[in-house]
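Please work through the following exercises with the sequence and the model in view. Each task is followed by a solution that proceeds step by step.

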Amino acid sequence: MGYYLAFKNIKMSKKVFIQGAISPEFIADSIAKHQGKHTIGAHNIFLGQVRADVHEENVVKAIEYTAYEEMANEALTAVREKAFAQFDLVCMHIYHSLGVVKAGEICLFVFVSAGHRTQVYEATEVIVNWIKTDVPIFGKEIFENEDFIWKQNK
């Protein structure tokens with residue numbers, strides 16, 4: 001399983017990779033856990049959802065995610081370090097699906113917290129872009145007819 005340091009200056013490991021879709025209950029529970037953190041004044045959340053894209057008349061029904069977990073965890077650690085160096089964050093969490101995630105389901109959950117809102121807005125966009133460009137996670141788009149293509153991150 002992948003692990004990731006989620007809090008600034010606290011040695012704590014968190015599971016990054018989740019088998020299958022990220023459930024609404026998991027997201028709600030993650031948010032609820034932050035009510036006791038009184039230095040936080042703002043949260044921002046990014047939820048990546050699988051789209052039913054159409055490629056040459058083939059409709060995507062799901063994406064099967066794979067990763068080189070050791071390399072991905074190293075890249076996520078670098079993302080964490082860059083994010084805390086660039087933004088005044090209190091904490092951040094990144095969760096990504098592995099395995100099959102159906103169209104309409106959540107595959108990426110980024111949760112950023114800081115003292116003020118400007119930091120969380122800016123940080124969330126930058127972090128999501130770093131994940132897309134720097135982390136070796138791969139998606140195989142599976143069509144309704146069971147053919148597939150490898151997803152290109154944009």
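Rings of Phe, Tyr and Trp (its six-membered ring) count as a pair if their centres lie within 6.5 Å. Planes over 60 degrees apart make the pair edge-to-face, and planes under 30 degrees apart make it stacked. The model is a predicted one.

**Exercise 1. Aromatic pairs**

Task: State how many aromatic pairs there are by this rule, and classify the pair formed by F26 and Y95.

Solution.
Step 1. The rule yields six aromatic pairs.
Step 2. The ring centres of F26 and Y95 are 4.8 Å apart and their planes stand at 85°, so this pair is edge-to-face.
Step 3. Next, the two rings are placed in the chain. F26 belongs to helix 1 (residues 24-32) and Y95 to strand 7 (residues 89-102); with their positions 69 residues apart, the pair links distant parts of the chain.
Step 4. Buried means under 20% relative accessible area, and exposed means over 50%. Y95 has 7% and is therefore buried, whereas F26, at 30%, is partly exposed.
Step 5. F26 and Y95 also belong to a cluster linked by ring pairs, together with F109 and F111.

**Exercise 2. A second pair and two charges over rings**

Task: Describe the pair formed by F148 and W150, and identify which lysines lie over the rings of W130 and F148.

Solution.
Step 1. F148 and W150 are 6.4 Å apart from centre to centre, with 85° between the planes, and the pair is edge-to-face.
Step 2. Both residues are then assigned an exposure class. F148 has a relative accessible area of 44% and is partly exposed; W150, at 47%, is partly exposed.
Step 3. The ring of F148 has K140 over its face, at 4.6 Å from the ring centre.
Step 4. Over the ring of W130 sits the charged end of K82, 4.3 Å from the ring centre.

**Exercise 3. Two helices**

Task: Determine how helix 2 and helix 3 are oriented to each other, and list the residues that make their contact.

Solution.
Step 1. Two packed helices are described by the angle between their axes and the distance between the axes.
Step 2. Helix 2 spans residues 69-86 and helix 3 residues 117-134; their axes come within 10 Å and cross at roughly 150°.
Step 3. Angles over 145 degrees count as roughly antiparallel, and helix 2 and helix 3 are therefore roughly antiparallel to each other.
Step 4. The crossing of helix 2 and helix 3 is right-handed.
Step 5. Helix 2 contributes A75, L76, V79, K82, A83 and Q86 to the contact, and helix 3 contributes I127, W130, I131 and D134. K82 and W130, both in this contact, are the residues of the charge over a ring in Exercise 2.

**Exercise 4. The surroundings of P136**

Task: Locate P136, decide whether P136 is buried or exposed, and name its contacts beyond the neighbours within four places in sequence.

Solution.
Step 1. P136 lies in the loop that runs between helix 3 and strand 9 (137-143).
Step 2. With a relative accessible area of 14%, P136 is buried.
Step 3. Its contacts, apart from those sequence neighbours, are T66, A67, Y68, M71, A72 and A75.
Step 4. For A75, the C-alpha atoms are 7.8 Å apart, although 61 residues separate A75 and P136 in sequence.
Step 5. E70 offers a further distance. E70 is in helix 2, and at 63% relative accessibility it counts as exposed. The C-alpha atoms of E70 and P136 are separated by 9.6 Å, with the two residues 66 apart along the chain.

**Exercise 5. Two buried positions and two loop residues**

Task: Compare the settings of A114 and V16, then give the phi values of E57 and E146.

Solution.
Step 1. A114 is part of strand 8 (residues 106-114), and with a relative accessible area of 0% it is buried.
Step 2. Among the residues that A114 touches more than four places away in sequence are T39, I40, D88 and V120.
Step 3. V16 lies in the loop between strand 2 (13-15) and strand 3 (17-19); V16 is buried, at 0% relative accessible area.
Step 4. E57, in the loop between strand 5 (54-55) and strand 6 (58-67), has a positive phi of about 70° although it is not a glycine. At 77% relative accessibility, E57 is exposed.
Step 5. E146, in the loop between strand 9 and strand 10 (148-150), has a positive phi near 80° and is likewise a residue other than glycine.

Conventions:
Residues numbered from 1 in each chain as written. Predicted model: local features only at pLDDT ≥ 70, side-chain atom pairs only at ≥ 80, totals over all residues. Heavy atoms only, no water. Helix = DSSP H or I, 4+ residues; strand = E, 2+ residues; numbered from the N terminus. Buried < 20%, exposed > 50% of the residue type's maximum accessible area, 1.4 Å probe, protein only. Lys NZ or Arg CZ within 6 Å of the ring centre and 35° of its normal. Axes fitted to C-alpha atoms, helices over the stretch in contact; angles between N-to-C directions. Parallel < 35°, antiparallel > 145°, perpendicular 65-115°, else oblique. Left-handed = near helix turned anticlockwise from the far one by under 90°. Contact = heavy atoms within 4.5 Å.
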